[in-house]
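Work through the exercises below with the sequence and the model side by side, and try each task before you read its solution.

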Amino acid sequence: MPAYVLTISCQSTRGIVASVTGYLAGIGCNIVDSSQFDDLQTGLFFMRLTFMSEEGADQAAIEKGFKPVADTFAMNWELHNSEHRMKVLLMVSRFGHCLNDLLYRWNIGALPIDIVGVVSNHFDYQKVIVNNDIPFHHIKVTKENKPQAEARLMEVVEQSGAELIVLARYMQVLSDAVCKKMSGRIINIHHSFLPSFKGANPYKQAYERGVKLIGATAHYVTEDLDEGPIIEQDVARITHAQSPDDYVSIGRDVESQALARAVHAHIHHRVFMNGNKTIVFPASPGSYKSERMG
């Protein structure tokens, strides 16, 4: 029985939920999971539904019938087949903890994606990647060849059909052109507390940026370095008895878990852009497969 995920954002008004659920019920669909949120500050409405098509309606028919409903409320909406495995391109430099964690979760089925390649500006993890039967692309980046290197990166993206890029501790800054072209489709993990607020009223600044936790930060990449909308954060406690090396080890665990949860949320269409912030709905039943993220 086909299962689908419907994502919606629009201006908040009466009747949206009734119209959406009424339409789905009318064509023989059963809703198995639903999340919604009204942002009272912006007046925007966000909704995510998972439903089963019990009377044989296929995706094309569902989309065609839903369009008049969507037009009535000027919705931004997408319909996804829940069985689709998103094509993901990983990028790494010389720190492999996030890469290895993602590969492990992928191998055991906890991260249902198709890894279509790994790009690196070094050869450190070539053997690991090849041993996993994943295409490895070495793209050397220097100050002099950066435009050519990014052109090659975009060739890899186009040829592989990558729908998402994950920077698993990739230590090169992407150009504004790449960030714009892949807007909302590049996730980075930052090994620090983000954002770092300065000046008066830091709590108001934190609210406006949508901070979730204090710790390692997974965020979408934008032209503003390390200031993209935050998807996931995690925290670790330390004591006076721990050394700088302990800090590094603990921090790497935190980074790996925060990045995995951010990727998991994105591939299941649970993340909605809301200005400089994100709306992240909780996981649907069964979406964690054999392991909970983190």
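Two exercises follow, each with a worked solution.

The model is predicted, so that local features need pLDDT of at least 70 and side-chain atom pairs count only at pLDDT 80 or more, while totals for chains, interfaces and linings use all residues. Residues are numbered from 1 along each chain as its sequence is written, and side-chain values use heavy atoms, with hydrogens and water left out.

**Exercise 1.** Describe the secondary structure and the compactness of the protein chain.

*Solution.* Begin with the elements: the protein chain holds 8 helices and 13 strands, where helices (H or I, at least four residues) and strands (E, at least two) are DSSP runs numbered from the N terminus. Next, take the radius of gyration over C-alpha atoms and compare it with the globule rule, 2.2 Å times the number of residues to the power 0.38. The radius is 20 Å, close to the 19 Å that the rule gives for 294 residues, so the chain is as compact as a globular protein of that length.

**Exercise 2.** Characterise the surroundings of Phe 66.

*Solution.* First locate Phe 66, which lies in helix α2 (residues 59-72). Then check its exposure: Phe 66 is buried, with a relative accessible area of 1%, buried meaning under 20% with a 1.4 Å probe and protein chains only. Finally list its partners, with contact meaning heavy atoms within 4.5 Å: leaving aside neighbours within four places in sequence, Phe 66 touches Leu 6, Ile 8, Val 20, Tyr 23, Met 75 and Trp 77.

Terms used: Buried < 20%, exposed > 50% of the residue type's maximum accessible area, 1.4 Å probe, protein only.
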